[in-house]
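Hi,

Here's the structure I said I'd pass along. Have a look at it first, and my notes follow underneath.

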Amino acid sequence: MSVPLQWLFGFHAVESALRNDPEHVERVLVEAGRQDRRMREIEPLLAAAGCQIEKLSARELSRRIGSGKHQGIACAYRAALAQDESTLDQLLAEWPEGGEPPLLLVLDGVTDPHNLGACLRTADAVGVMAVVAPRDRAVGLTPTVRKVASGAAERLPFIQVTNLARTLGNLKQRGLWVVGTASEGEQSLYQCQLGTEPLALVMGAEGTGLRRLTREHCDQLIHIPMFGQVESLNVSVATAVCLYEFRRQRLV
(Lines give C-alpha, C1' and ligand atoms only; values in the text may rest on other atoms or scores of the structure.)
Protein backbone atom coordinates (compact mmCIF):
# COMPACT_ATOMS: atom_id res chain seq x y z
CA MET A 1 0.00 0.00 0.00
CA SER A 2 1.48 3.35 -1.04
CA VAL A 3 1.78 6.20 1.43
CA PRO A 4 0.43 9.59 0.30
CA LEU A 5 2.84 12.46 -0.09
CA GLN A 6 2.64 15.17 2.57
CA TRP A 7 3.86 18.75 2.48
CA LEU A 8 5.69 19.65 5.68
CA PHE A 9 6.39 23.34 6.04
CA GLY A 10 8.11 25.68 8.47
CA PHE A 11 11.67 25.36 9.74
CA HIS A 12 10.93 23.08 12.71
CA ALA A 13 8.99 20.54 10.65
CA VAL A 14 11.45 20.46 7.74
CA GLU A 15 14.52 20.34 9.98
CA SER A 16 13.01 17.49 11.99
CA ALA A 17 12.32 15.45 8.84
CA LEU A 18 15.85 16.09 7.54
CA ARG A 19 17.48 15.12 10.84
CA ASN A 20 15.34 12.13 11.79
CA ASP A 21 13.97 10.68 8.54
CA PRO A 22 15.91 12.11 5.57
CA GLU A 23 15.35 9.06 3.36
CA HIS A 24 11.64 9.94 3.16
CA VAL A 25 12.20 13.56 2.11
CA GLU A 26 11.72 13.61 -1.65
CA ARG A 27 12.32 17.28 -2.43
CA VAL A 28 12.56 20.66 -0.72
CA LEU A 29 11.05 23.97 -1.79
CA VAL A 30 12.69 27.17 -0.56
CA GLU A 31 11.87 30.81 -1.04
CA ALA A 32 14.22 32.28 -3.63
CA GLY A 33 16.61 34.91 -2.32
CA ARG A 34 16.15 34.04 1.34
CA GLN A 35 19.60 33.93 2.99
CA ASP A 36 18.95 34.73 6.65
CA ARG A 37 20.40 32.86 9.66
CA ARG A 38 17.74 30.15 9.79
CA MET A 39 18.15 29.33 6.12
CA ARG A 40 21.93 29.18 6.46
CA GLU A 41 21.64 26.86 9.47
CA ILE A 42 19.53 24.35 7.57
CA GLU A 43 21.71 24.30 4.44
CA PRO A 44 24.10 21.58 5.78
CA LEU A 45 21.12 19.31 6.42
CA LEU A 46 19.86 19.91 2.90
CA ALA A 47 23.27 19.08 1.48
CA ALA A 48 23.58 15.91 3.59
CA ALA A 49 20.13 14.69 2.57
CA GLY A 50 21.01 15.05 -1.11
CA CYS A 51 17.40 15.75 -2.06
CA GLN A 52 16.22 17.93 -4.92
CA ILE A 53 15.92 21.62 -4.01
CA GLU A 54 13.63 23.97 -5.90
CA LYS A 55 13.65 27.74 -5.41
CA LEU A 56 10.35 29.60 -5.81
CA SER A 57 8.83 32.96 -5.05
CA ALA A 58 6.95 33.20 -1.74
CA ARG A 59 3.64 33.37 -3.64
CA GLU A 60 4.40 30.30 -5.75
CA LEU A 61 5.57 28.41 -2.66
CA SER A 62 2.28 29.17 -0.94
CA ARG A 63 0.36 28.03 -3.99
CA ARG A 64 2.27 24.76 -4.33
CA ILE A 65 1.76 23.62 -0.74
CA GLY A 66 -1.65 25.21 -0.17
CA SER A 67 -0.61 27.37 2.79
CA GLY A 68 1.01 30.73 3.36
CA LYS A 69 2.47 29.73 6.74
CA HIS A 70 5.60 28.13 5.34
CA GLN A 71 8.32 30.52 6.67
CA GLY A 72 10.02 30.21 3.30
CA ILE A 73 10.63 26.45 3.31
CA ALA A 74 8.69 23.21 2.75
CA CYS A 75 9.45 19.61 1.90
CA ALA A 76 7.64 16.79 0.16
CA TYR A 77 7.61 13.96 2.68
CA ARG A 78 6.47 10.39 2.23
CA ALA A 79 6.51 8.69 5.63
CA ALA A 80 6.94 5.00 6.22
CA LEU A 81 3.81 2.85 6.42
CA ALA A 82 1.81 3.30 9.63
CA GLN A 83 2.92 1.01 12.43
CA ASP A 84 0.42 -1.51 13.78
CA GLU A 85 0.00 -3.82 16.75
CA SER A 86 2.76 -6.14 15.54
CA THR A 87 5.22 -3.30 16.10
CA LEU A 88 3.98 -2.93 19.67
CA ASP A 89 4.39 -6.67 20.25
CA GLN A 90 7.93 -6.47 18.92
CA LEU A 91 8.83 -3.48 21.10
CA LEU A 92 7.60 -5.23 24.22
CA ALA A 93 9.27 -8.51 23.29
CA GLU A 94 12.61 -6.78 22.75
CA TRP A 95 12.42 -4.67 25.91
CA PRO A 96 15.54 -5.50 27.95
CA GLU A 97 15.06 -7.43 31.17
CA GLY A 98 16.20 -5.46 34.18
CA GLY A 99 15.74 -2.14 32.37
CA GLU A 100 13.28 0.59 33.20
CA PRO A 101 9.70 -0.74 33.07
CA PRO A 102 7.83 0.11 29.86
CA LEU A 103 5.73 3.28 29.84
CA LEU A 104 3.13 3.60 27.08
CA LEU A 105 0.73 6.40 26.21
CA VAL A 106 -2.66 5.34 24.82
CA LEU A 107 -4.92 7.99 23.27
CA ASP A 108 -8.58 7.01 22.97
CA GLY A 109 -9.79 8.92 19.92
CA VAL A 110 -7.96 12.27 19.98
CA THR A 111 -9.13 14.12 16.87
CA ASP A 112 -7.39 17.49 17.07
CA PRO A 113 -3.98 17.50 15.32
CA HIS A 114 -2.60 20.15 17.65
CA ASN A 115 -3.46 18.01 20.65
CA LEU A 116 -1.91 14.90 19.14
CA GLY A 117 1.23 16.81 18.18
CA ALA A 118 1.57 18.20 21.71
CA CYS A 119 1.00 14.73 23.22
CA LEU A 120 3.72 13.24 21.02
CA ARG A 121 6.14 16.01 21.95
CA THR A 122 5.57 15.44 25.68
CA ALA A 123 5.70 11.66 25.34
CA ASP A 124 9.08 11.92 23.63
CA ALA A 125 10.38 14.29 26.31
CA VAL A 126 9.29 11.95 29.12
CA GLY A 127 10.75 8.83 27.52
CA VAL A 128 7.60 6.97 26.55
CA MET A 129 8.19 3.73 24.64
CA ALA A 130 5.38 4.30 22.12
CA VAL A 131 2.07 6.08 21.60
CA VAL A 132 -0.95 3.93 20.74
CA ALA A 133 -4.17 5.20 19.13
CA PRO A 134 -7.17 3.74 17.27
CA ARG A 135 -7.01 3.78 13.50
CA ASP A 136 -10.62 4.98 13.10
CA ARG A 137 -12.25 8.15 14.44
CA ALA A 138 -8.90 9.62 15.49
CA VAL A 139 -6.34 11.88 13.87
CA GLY A 140 -3.21 10.35 12.35
CA LEU A 141 0.20 11.82 11.57
CA THR A 142 -0.86 14.80 9.49
CA PRO A 143 1.52 17.63 8.51
CA THR A 144 0.06 19.75 11.33
CA VAL A 145 0.69 16.98 13.85
CA ARG A 146 4.29 16.64 12.68
CA LYS A 147 4.84 20.39 12.87
CA VAL A 148 3.47 20.68 16.41
CA ALA A 149 5.36 17.57 17.55
CA SER A 150 8.69 19.24 16.68
CA GLY A 151 10.44 16.01 15.68
CA ALA A 152 8.73 13.59 18.07
CA ALA A 153 6.55 12.19 15.27
CA GLU A 154 9.67 10.95 13.48
CA ARG A 155 11.44 9.61 16.60
CA LEU A 156 8.63 8.03 18.63
CA PRO A 157 6.72 4.93 17.46
CA PHE A 158 3.09 5.88 16.76
CA ILE A 159 1.03 2.72 16.58
CA GLN A 160 -2.49 2.65 15.16
CA VAL A 161 -4.67 -0.32 16.09
CA THR A 162 -8.03 -1.49 14.78
CA ASN A 163 -9.42 -2.58 18.16
CA LEU A 164 -8.21 -0.51 21.12
CA ALA A 165 -10.03 -2.59 23.74
CA ARG A 166 -8.37 -5.76 22.47
CA THR A 167 -4.98 -4.03 22.51
CA LEU A 168 -5.48 -3.01 26.14
CA GLY A 169 -6.34 -6.61 26.96
CA ASN A 170 -3.13 -7.76 25.28
CA LEU A 171 -1.10 -5.21 27.24
CA LYS A 172 -2.54 -6.52 30.50
CA GLN A 173 -1.65 -10.07 29.50
CA ARG A 174 1.93 -8.88 28.98
CA GLY A 175 2.05 -7.56 32.53
CA LEU A 176 1.34 -3.86 32.02
CA TRP A 177 -0.97 -2.05 34.43
CA VAL A 178 -3.55 -0.10 32.41
CA VAL A 179 -4.49 3.20 34.07
CA GLY A 180 -7.20 5.42 32.60
CA THR A 181 -8.00 9.01 33.47
CA ALA A 182 -11.58 10.05 34.24
CA SER A 183 -13.21 12.61 36.51
CA GLU A 184 -14.90 9.83 38.50
CA GLY A 185 -11.65 7.98 39.17
CA GLU A 186 -11.49 7.00 42.84
CA GLN A 187 -7.81 7.80 43.31
CA SER A 188 -6.12 11.04 42.36
CA LEU A 189 -3.04 11.07 40.15
CA TYR A 190 -0.90 11.83 43.20
CA GLN A 191 -2.30 8.92 45.22
CA CYS A 192 -1.54 6.49 42.40
CA GLN A 193 1.92 5.07 43.08
CA LEU A 194 2.33 2.98 39.94
CA GLY A 195 4.97 5.03 38.18
CA THR A 196 7.67 2.41 38.76
CA GLU A 197 5.54 -0.42 37.30
CA PRO A 198 5.11 -1.44 33.65
CA LEU A 199 2.37 1.03 32.79
CA ALA A 200 0.02 2.08 30.01
CA LEU A 201 -1.56 5.49 30.60
CA VAL A 202 -4.88 5.90 28.77
CA MET A 203 -6.15 9.39 27.99
CA GLY A 204 -9.62 10.13 26.61
CA ALA A 205 -10.72 12.19 23.65
CA GLU A 206 -11.45 15.90 23.71
CA GLY A 207 -14.78 16.56 25.41
CA THR A 208 -16.05 12.97 25.60
CA GLY A 209 -13.21 11.35 27.53
CA LEU A 210 -12.76 7.59 27.59
CA ARG A 211 -15.27 5.42 25.76
CA ARG A 212 -17.24 2.91 27.84
CA LEU A 213 -15.43 -0.15 26.46
CA THR A 214 -12.07 1.50 27.03
CA ARG A 215 -12.97 2.22 30.65
CA GLU A 216 -13.97 -1.38 31.17
CA HIS A 217 -10.55 -2.56 30.00
CA CYS A 218 -8.65 -0.30 32.42
CA ASP A 219 -7.29 -1.82 35.63
CA GLN A 220 -7.79 1.48 37.42
CA LEU A 221 -9.27 4.94 36.85
CA ILE A 222 -7.60 8.01 38.33
CA HIS A 223 -8.40 11.72 38.25
CA ILE A 224 -6.34 14.90 38.18
CA PRO A 225 -7.22 17.11 41.19
CA MET A 226 -8.77 20.42 40.17
CA PHE A 227 -8.55 23.35 42.59
CA GLY A 228 -10.07 26.21 40.61
CA GLN A 229 -13.31 26.81 38.75
CA VAL A 230 -12.52 24.90 35.54
CA GLU A 231 -13.73 21.30 35.49
CA SER A 232 -11.18 19.75 33.13
CA LEU A 233 -7.93 20.29 31.27
CA ASN A 234 -7.11 20.13 27.59
CA VAL A 235 -6.11 16.54 26.75
CA SER A 236 -2.55 17.48 25.82
CA VAL A 237 -2.11 19.42 29.08
CA ALA A 238 -3.62 16.57 31.11
CA THR A 239 -1.32 14.12 29.34
CA ALA A 240 1.72 16.20 30.25
CA VAL A 241 0.64 16.44 33.90
CA CYS A 242 0.16 12.66 34.17
CA LEU A 243 3.27 11.61 32.28
CA TYR A 244 5.55 13.88 34.26
CA GLU A 245 4.09 12.67 37.55
CA PHE A 246 4.84 9.08 36.60
CA ARG A 247 8.30 10.12 35.42
CA ARG A 248 8.84 11.87 38.78
CA GLN A 249 7.92 8.65 40.59
CA ARG A 250 10.64 6.85 38.62
CA LEU A 251 13.24 9.38 39.68
CA VAL A 252 12.75 9.19 43.46
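**Around Leu107 and the core**

Setting aside neighbours within four places in sequence, Leu107 is in contact with Leu116, Cys119, Val131, Val132, Ala133, Pro134, Leu164, Met203 and Thr239. Bear in mind that this is a predicted model.

Leu107 also turns up in the largest nonpolar core, which has 33 residues. The members that touch the most others there are Leu105, Leu107, Leu116, Leu120, Val131, Met203 and Leu243. As for where the core comes from, at least two residues each are supplied by strand 5 (103-108), helix 5 (113-126), strand 6 (130-134), helix 6 (143-149), helix 7 (152-155), strand 10 (199-204) and helix 10 (235-251). That fits the usual picture, since nonpolar side chains in soluble globular proteins tend to be buried together.

**The four-stranded sheet**

There's also an open sheet of 4 strands, ordered 1-4-2-3, with mixed pairing. Strand 1 (6-9) and strand 3 (52-56) sit at its edges with a single partner strand each, so one side of each has no neighbour in the sheet. From one strand to the next, the twist averages 25°.

Strand 2 (residues 25-31) runs antiparallel to strand 4 (residues 73-77), and the two pair over 5 bridges. Val28 has Cys75 in strand 4 as its bridge partner.

Two helices to look at here: helix 1 (residues 11-20) packs on the sheet and touches strand 1, strand 2 and strand 4, with its direction at about 45° to that of strand 4. Helix 3 (residues 58-65) packs on the sheet too, touching strand 1, strand 2, strand 3 and strand 4, and its direction makes about 145° with that of strand 2.

Cheers

Note on methods
Residues are numbered from 1 along each chain as its sequence is written. This is a predicted model: local features need pLDDT of at least 70, side-chain atom pairs count only at pLDDT 80 or more; totals for chains, interfaces and linings use all residues. Side-chain values use heavy atoms; hydrogens and water are left out. Two strands pair if DSSP finds at least two bridges between them. Axes are lines fitted to C-alpha atoms, for helices over the stretch in contact, and angles run from 0 to 180 degrees between N-to-C directions. Contact means heavy atoms within 4.5 Å. A nonpolar core is a set of buried Ala, Val, Leu, Ile, Met, Phe, Trp, Tyr and Cys residues joined through side-chain atoms within 4.5 Å. Buried means under 20% relative accessible area, exposed over 50%, partly exposed in between (1.4 Å probe, protein chains only).
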